[in-house]
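Work through the exercises below with the sequence and the 3D view open. Try each task before reading its solution.

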Amino acid sequence: MAFKGKVKGSTFERDLTDLLNKHIPKSLWKRIPLSGAIGTFLKEPELQGDVKGRVDSFNKQFRIEAKVGYGGATQLTLKKEWLDKIIEDSKNSNSIPLMVGKFSGARDGIKVFVAMDLGTFCEIINRATELYDEAEAY
């Protein structure tokens, strides 16, 4: 029998992939099978992170570490090591690192959120500004 936490995490990864594909036009998001410990152990960039995605307007893929169930419906424990890991994994695959968390059991308000380091946030904003400037030049 599968460990309950692993099943919850795998379910969230699938649900997250569906949400991103539904809400971000011109993008493709996929769950990474065998991700996690195997990808880290083998140092295989394509197996690192939980979800990867490509958005037509970005020149890099996104790499996501997905977390659910670390605190319940009103809080989620955020570990620095999770962000450090996805940043390192993203360097290996030249991707933009994100951590997506879910408040397990939340019935209203915010249920799913994105966390990133300041450098990643600046990279995304600067890329959006470049695209805006390019479009404005036409």
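**Exercise 1: The surroundings of helix H4**

Strand E3 (61-68) and E4 are among the elements that cover the buried residues of H4. Contact means heavy atoms within 4.5 Å. Helices (H or I, at least four residues) and strands (E, at least two) are DSSP runs, numbered from the N terminus. The model is predicted: local features need pLDDT of at least 70, side-chain atom pairs count only at pLDDT 80 or more, and totals for chains, interfaces and linings use all residues. Residues are numbered from 1 along each chain as its sequence is written, and side-chain values use heavy atoms, with hydrogens and water left out.

Task: Which residues of H4 are buried, and which exposed residues does the face turned away from them carry?

Solution.
- Step 1. Fix the terms: buried means under 20% relative accessible area, exposed over 50%, partly exposed in between (1.4 Å probe, protein chains only).
- Step 2. List the buried residues of H4: Thr-120, Ile-124 and Arg-127.
- Step 3. Place them around the axis. They cover an arc of only 65°, so they sit on the same side of H4. The arc is that of the directions from the helix axis to the C-beta atoms.
- Step 4. Turn to the face away from the buried side. Leu-118, Tyr-132, Glu-136 and Ala-137 are the exposed residues there.

**Exercise 2: Length and cap of H4**

Task: What distance does H4 reach from its first C-alpha to its last, and which residue caps its N-terminal end?

Solution.
- Step 1. H4 spans residues 118-137, which is 20 residues.
- Step 2. Compare the reach with expectation. H4 reaches 28 Å, close to the 28 Å expected at 1.5 Å a residue. The expected span is 1.5 Å times one less than the number of residues.
- Step 3. Find the cap. Asp-117 has a side-chain oxygen 3.2 Å from the backbone nitrogen of Gly-119.

**Exercise 3: Salt bridges**

Task: How many salt bridges does a search of the whole structure find? Then examine three pairs.

Solution.
- Step 1. The search finds seven. A salt bridge is a side-chain nitrogen of Lys or Arg within 4 Å of a carboxyl oxygen of Asp or Glu.
- Step 2. Take Arg-31 and Glu-13, whose side chains meet at 2.7 Å, N to O. Arg-31 lies in strand E1 (residues 27-31) and Glu-13 in helix H1 (residues 4-23), so the pair ties together parts 18 residues apart in sequence. Arg-31 is partly exposed at 28%, while Glu-13 is buried at 7%.
- Step 3. Take Glu-65 and Lys-85, with their closest N and O atoms 3.8 Å apart. The pair links strand E3 to helix H3 (residues 80-93), 20 residues apart. Glu-65 is buried at 5%; Lys-85 is partly exposed at 26%.
- Step 4. Extend that pair. Glu-65, Lys-67, Lys-85 and Asp-89 are linked in a network of salt bridges.
- Step 5. Take Asp-84 and Lys-80, which meet at 2.7 Å, N to O. They are four residues apart in helix H3, so about one helical turn separates them. Asp-84 is partly exposed at 38%, and Lys-80 is exposed at 61%.

**Exercise 4: Ala-106**

Task: Where is Ala-106, and is Ala-106 buried or exposed?

Solution.
- Step 1. Ala-106 is in the loop between strand E4 (95-102) and strand E5 (112-115).
- Step 2. Its relative accessible area is 16%, so Ala-106 counts as buried.
- Step 3. Leaving out residues up to four places away in sequence, Ala-106 touches Ala-73 and Lys-111.
- Step 4. The C-alpha atoms of Ala-106 and Ala-135 are 40 Å apart, with their positions 29 residues apart along the chain.

Key
A polar contact is a pair of N or O atoms within 3.5 Å; within protein, one must be able to donate a hydrogen and the other to accept it, and residues adjacent in sequence count only if both atoms are side-chain atoms.
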